[in-house]
Amino acid sequence: MKKLVVGIGEVSEITGIPTRKIRYWEEKGAIQSETNTEGSTRRYNYLNVKKMLLIQEMIDEGFTLDAAIKKAEKRMVTLNEAFRKLADTVPDTKDKD
């Protein structure tokens with residue numbers, strides 16, 4: 001999943017979040033594109049797409065953008081810790097030859 005990187009148009013199409021809103025969230029520091037050079041296409045990884053969906057969900061529930069960003073960041077930390085622990089418990093099949 002770490003290698004999954006898509007352009008802003010694809011993110012917008014997949015998530016239903018307008019590109020203008022995605023750019024605004026990036027300007028606010030809520031998300032970060034993979035490419036920050038001027039004039040290049042913004043590209044987002046799986047974690048940023050997940051964060052965008054969380055933020056939009058919370059906005060839809062009535063949270064302000066700032067509150068949604070803070071809550072999404074907390075959820076991302078919790079999710080990442082849970083998946084890191086899960087990865088640590090799964091045996092590495094590469095070592096079994």
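Let's begin with one residue: lysine 51 is buried, with a relative accessible area of 13%. The cut-off behind that word is simple, because buried means under 20% relative accessible area. Keep in mind as you look around that this is a predicted model.

Where does lysine 51 sit? You will find lysine 51 in helix H3. What does its side chain reach? A polar atom of that side chain lies 2.8 Å from the backbone oxygen of alanine 30. Leaving aside residues up to four places away in sequence, lysine 51 touches Ala30, Ile31, Ala72, Glu73 and Met76.

Now step back to see the whole chain. The protein has four helices and two strands. Read from the N terminus, the elements run β-α-α-β-α-α. Of the 97 residues, 30% count as buried. If you take contacts between residues at least 6 apart in sequence, 44% of them join residues at least 24 apart.

With that outline in mind, return to helix H3, which covers residues 46-60. You can check its length yourself. At 1.5 Å a residue, its 15 residues should span 21 Å, and the C-alpha atoms at its ends are 21 Å apart, so expectation and model agree. In case you multiplied 15 by 1.5 and got something else, the expected span is 1.5 Å times one less than the number of residues.

Look next at the two ends of this helix. At the N-terminal end, asparagine 45 acts as a cap: one of its side-chain oxygens lies 3.2 Å from the backbone nitrogen of leucine 47. Just after H3, glycine 62 takes a positive phi of about 110°.

Which residues of H3 are buried? They are Asn48, Val49, Lys50, Lys51, Met52, Leu54, Ile55, Gln56 and Met58. And what covers them? The cover includes strand S1 (5-7), helix H1 (8-15), helix H2 (19-28), strand S2 (43-45) and helix H4 (65-89).

Let's see how the helices meet. Two packed helices are described by the angle between their axes and the distance between the axes. For H3 and H4, the axes come within 9 Å and cross at roughly 135°. That makes H3 and H4 oblique to each other, because an angle counts as roughly perpendicular from 65 to 115 degrees and as roughly antiparallel over 145. The crossing of H3 and H4 is right-handed. On the H3 side, the contact is made by Leu47, Lys50, Lys51, Leu54, Ile55, Glu57, Met58 and Ile59. Among the H4 residues that meet them are Ala72, Glu73 and Met76, which lysine 51 also touches.

Helix H3 also packs against H2, here at an angle of about 100° with the axes 12 Å apart. H2 and H3 are therefore roughly perpendicular to each other. Lys21, Ile22 and Trp25 of H2 make this contact with Met52, Ile55, Gln56 and Ile59 of H3.

A further pair to look at is H1 and H2. Their axes come within 9 Å and cross at roughly 115°, so these two helices are roughly perpendicular to each other. Their crossing is right-handed. From H1, the residues in contact are Ile8, Gly9, Val11 and Ser12, and from H2 they are Thr19, Ile22 and Arg23. Notice that Ile22 appears here and also in the contact between H2 and H3.

We can finish in helix H1, where threonine 15 lies. Is threonine 15 buried or exposed? At 16% relative accessibility, threonine 15 counts as buried. Its side chain reaches the backbone oxygen of valine 11 at 2.7 Å. A polar atom of the same side chain lies 3.2 Å from the backbone nitrogen of isoleucine 17. Not counting residues up to four places away in sequence, threonine 15 touches Val49 and Leu53.

That last partner takes us back to H3, the helix that holds leucine 53. At 40% relative accessibility, leucine 53 counts as partly exposed. Leucine 53 and threonine 15 are 38 residues apart along the chain, and their C-alpha atoms are separated by 6.9 Å. Besides Thr15, leucine 53 touches Ile17, again not counting residues up to four places away in sequence.

Methods:
Residues are numbered from 1 along each chain as its sequence is written. This is a predicted model: local features need pLDDT of at least 70, side-chain atom pairs count only at pLDDT 80 or more; totals for chains, interfaces and linings use all residues. Side-chain values use heavy atoms; hydrogens and water are left out. Buried means under 20% relative accessible area, exposed over 50%, partly exposed in between (1.4 Å probe, protein chains only). Contact means heavy atoms within 4.5 Å. A polar contact is a pair of N or O atoms within 3.5 Å; within protein, one must be able to donate a hydrogen and the other to accept it, and residues adjacent in sequence count only if both atoms are side-chain atoms. Axes are lines fitted to C-alpha atoms, for helices over the stretch in contact, and angles run from 0 to 180 degrees between N-to-C directions. Angles under 35 degrees count as roughly parallel, over 145 as roughly antiparallel, 65 to 115 as roughly perpendicular and the rest as oblique. A crossing is left-handed if the near helix is turned anticlockwise from the far one by less than a right angle, and right-handed if clockwise.
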